[in-house]
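Please walk through this protein model with an eye to its interior, its charged pairs and its enclosed space.

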Amino acid sequence: MYGSTHMAQGAREWVPLSPYRKNVIELMRLSRTVPLVTADRRMHLAPLAEARQACATRPSWSALFAKAFAIVSARRPELRRAYMSYPWPHLHQAPRTIAAIVVERSIDGEKVPMFFHLRTPEEATLLDLDARLRRAATMPIEEFPKFRRMRSIGRAPTLIRSALWRMAYHLSGKTRVREFGTFGLSSPAASGAGLATIISPLTCTLHYSLLDESGRVEMRLTFDHRAIDGAPVARALADMEQTLLAAIASEVREISGSKRAM
């Protein structure tokens, strides 16, 4: 009786993989080859949270964290290095930062995580970064060439799709940086949860917990141990916290002040 009722509710036992899910699978295949280690730092961000609360239009935490880490990466070249195995083992150092931020899209009835690239986010204003992230989450996918290209790759036969992903990752340092970015940022905190662990093909990937009532957040940086060690990562996280409380908080206060003046 229960089984009949359960099946009558329209449950599907066979769900085909969408092009977007196939790309996630390829990403995970690449990530499995990376020896990842995670460092964390409890950041006390109450002054920044208070300044953000006073803004009429609040910049997203993704924009705040992406800009802060980009500022740190711009002055710490070890954060812009990637381990390359071809044509022989070496490190590629990118000349600039590119943030790869996970943006959830609803496409063809499916919630899809897609990477949106922000080039040199340390040089942009917070309002500009936030506007670009909001646009990436809402505008038609046809308006974003990279999104369209990822959809096409996801629709390709398995062998071709896998080959394209491997080529983009292994062919050259410049190609990897262009296609994957220099650091990633991913967190479902806006949906009510944080990520304690993550796997990623990038040298550095930020993920974080929910901000608690006292303004503290567990900031985690998962890194490729072939390219960077724990001590510089720890220093980078400390530098990031100071950047959030100084330069980023100052810019947020300017946003709040300009809104009140209007």
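The paragraphs below take up the nonpolar core, then a buried acidic residue, then the salt bridges, and last the cavity.

The coordinates come from a predicted model. A reasonable place to start is the largest nonpolar core, which has 66 residues. Within this core, the members that touch the most others are Leu-48, Phe-65, Met-240, Leu-244 and Ile-248. Helix H4, spanning residues 61-75, is the element that gives the most to the core, with 10 residues. Leu-48 shows how such a member is surrounded: setting aside residues up to four places away in sequence, Leu-48 touches Trp-61, Leu-64, Leu-244, Ile-248, Ala-249 and Val-252. Two of these partners, Leu-244 and Ile-248, are themselves on the list of residues that touch the most other core members.

Burial also applies to a charged residue. Asp-130 sits in helix H5, which covers residues 126-138. With a relative accessibility of 4%, Asp-130 counts as buried, because the limit for that class is under 20%. Which residues surround Asp-130, once neighbours within four places in sequence are left aside? The contacts are Arg-58, Pro-59, Ser-60 and Ala-63.

Next come the salt bridges, of which the model has 17 by the rule applied here. One of them joins the side chains of Arg-41 and Glu-241, with an N to O distance of 2.6 Å. The two residues lie in distant parts of the chain, 200 residues apart: Arg-41 belongs to strand E1 (residues 36-44) and Glu-241 to helix H9 (residues 230-261). The two ends of this bridge fall into separate accessibility classes. Arg-41 is partly exposed at 30% relative accessibility, whereas Glu-241 is buried at 6%.

Strand E1 also supplies Arg-42, whose side chain meets that of Glu-218 in a salt bridge of 2.7 Å, N to O. Glu-218 lies in strand E8 (residues 216-224), so this pair ties together parts of the chain that are 176 residues apart in sequence. Here, too, the acid is the buried partner: Glu-218 has a relative accessible area of 18% and counts as buried, while Arg-42, at 47%, counts as partly exposed. The value for Glu-218 is under the 20% limit for burial, and the value for Arg-42 is not over the 50% that would make a residue exposed.

A third bridge is formed by the side chains of Glu-143 and Arg-135, at 3.3 Å, N to O. In this pair Glu-143 is partly exposed at 38%, and Arg-135 is partly exposed at 39%. Salt bridges can also share partners, and in this way Arg-75, Arg-76, Glu-78 and Asp-239 are joined into one network.

What remains is the enclosed space. How many cavities of 30 Å³ or more does the structure hold? The count is 1, and the volume of the largest cavity is about 90 Å³. Its lining consists of Arg-80, Arg-81, Ala-82, Tyr-169, Arg-176, Val-177, Gly-181, Thr-182, Pro-201, Leu-202, Thr-203 and Asp-224. Strand E2 (81-84) and helix H8 (173-180) each supply at least two of these lining residues. Sorted by class, the lining of the largest cavity comprises 5 nonpolar, 3 polar and 4 charged residues. The charged members include Arg-80 and Asp-224.

How values were computed:
Residues are numbered from 1 along each chain as its sequence is written. This is a predicted model: local features need pLDDT of at least 70, side-chain atom pairs count only at pLDDT 80 or more; totals for chains, interfaces and linings use all residues. Side-chain values use heavy atoms; hydrogens and water are left out. On a 1 Å grid over the protein atoms alone, a cavity is a set of points where a 1.4 Å probe fits but cannot get out, and a pocket is an open set with protein on both sides within 12 Å along at least five of seven lines; lining residues have an atom within 4 Å of a point. Grid points are joined across faces, edges and corners, and a volume is the space filled by probe spheres set on the points. Helices (H or I, at least four residues) and strands (E, at least two) are DSSP runs, numbered from the N terminus. A salt bridge is a side-chain nitrogen of Lys or Arg within 4 Å of a carboxyl oxygen of Asp or Glu. Buried means under 20% relative accessible area, exposed over 50%, partly exposed in between (1.4 Å probe, protein chains only). Contact means heavy atoms within 4.5 Å. A nonpolar core is a set of buried Ala, Val, Leu, Ile, Met, Phe, Trp, Tyr and Cys residues joined through side-chain atoms within 4.5 Å.
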